[in-house]
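I opened this entry to record what I looked up in the structure, starting with one glutamine and working outward. The notes follow the order of the look-ups.

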Amino acid sequence: MTEMITYRLIGTGVWGYEFFDAERSQIGFVRNGMSRSDPVRIEGEGISWFSLFGLDNTIVPGTSRKVKDSKSGQEIYRIVFWQPGLYEVRPAAGDSVQVEIREGAYLFGPPQMPATALTQRISEAEWIPTKGLEIEPYFHTTLYEDVSPAYLMMVLSFPALRFY
């Protein structure tokens, strides 16, 4: 079992999340400008992705948002909205992951199987990184299995990318 803390940050013209492991080492981040037309950047160990989503898109069942590699432009995965609280993450290669939101908690895993990860909203943490921006503890993520760095970044960045 592995645990991570996500901190939300807000600065002039930017918002995002920073991800830290149990040893307080930063393992990645999600950042976006305040303009909703800016791409969301996702960075982590060996990972550099981005995602765009147009404001003119109507969100109905089946609407999807692509996450692409920053260097090649190839699709890494897409998030598909099915209904409020139910999403699917479809990787370009591999099996789909179901994401269910229950009472503010995110459950990740194969459909009809036990969760591989759980992300819950928090408001306090034992430690807060020192930054020049406004920063606060925001999510606690528990991974119940060993996962790839790409799966980990998908889980940690999902709250920033999902449809509201």
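The model is a predicted one. I began with Gln26 and asked whether it is buried or exposed. At 35% relative accessibility Gln26 falls between the cut-offs of 20% and 50%, so I logged it as partly exposed. I placed Gln26 in strand E3, which covers residues 26-33. I then took a C-alpha to C-alpha distance from Gln26 to Trp15: 17 Å in space, for 11 residues in sequence.

Next I went to another glutamine, Gln112. I found Gln112 in the loop that links strand E10 (105-109) with strand E11 (117-121). Its relative accessibility is 76%, over the 50% cut-off, so Gln112 counts as exposed. From Gln112 to Gln98 I noted 8.7 Å between C-alpha atoms, with their positions 14 residues apart in sequence.

Then I listed the elements. I counted 12 strands and 1 helix in the protein. Read from the N terminus, the order is β-β-β-β-β-β-β-β-β-β-β-β-α.

I turned to the interior. Which residues touch the most other members of the largest nonpolar core? I noted Ile42, Tyr77, Ile79, Val89, Phe108, Met154 and Phe158, out of 33 residues in that core. Helix H1, residues 149-161, contributes the most to this core, with 9 residues. I also found a second core, separate from the largest, with 6 residues; among them are Leu9, Phe20, Ile122 and Ile135. As background, nonpolar side chains in soluble globular proteins tend to be buried together.

I picked Tyr77 and left out its neighbours within four places in sequence. The remaining contacts of Tyr77 include Trp49, Arg65, Lys66, Val67, Val89, Arg90, Pro91 and Ala92. Met154, Ser157 and Leu161 are also in contact with Tyr77.

I closed with totals for the whole protein. Of its 164 residues, 43% count as buried. The radius of gyration is 15 Å, which agrees with the value near 15 Å for a compact globule of 164 residues. I noted a box of roughly 40 × 35 × 30 Å for the C-alpha atoms, along the principal axes. Among contacts with a separation of 6 or more, 37% join residues 24 or more positions apart. The accessible surface is about 9,000 Å², and carbon and sulfur atoms hold 49% of it. For charge, I noted 15 positive and 20 negative side chains, with the centres of the two sets 8 Å apart.

Technical notes. Residues numbered from 1 in each chain as written. Predicted model: local features only at pLDDT ≥ 70, side-chain atom pairs only at ≥ 80, totals over all residues. Heavy atoms only, no water. Core = buried A, V, L, I, M, F, W, Y, C linked by side-chain atoms within 4.5 Å. Buried < 20%, exposed > 50% of the residue type's maximum accessible area, 1.4 Å probe, protein only. Helix = DSSP H or I, 4+ residues; strand = E, 2+ residues; numbered from the N terminus. Contact = heavy atoms within 4.5 Å. Rg over C-alpha atoms; globule rule 2.2 N^0.38 Å. Areas by Shrake-Rupley, 256 points an atom, 1.4 Å probe, with all protein chains shown as cover. Lys, Arg positive; Asp, Glu negative; His and termini not counted. Charge placed at Lys NZ, Arg CZ, Asp CG, Glu CD.
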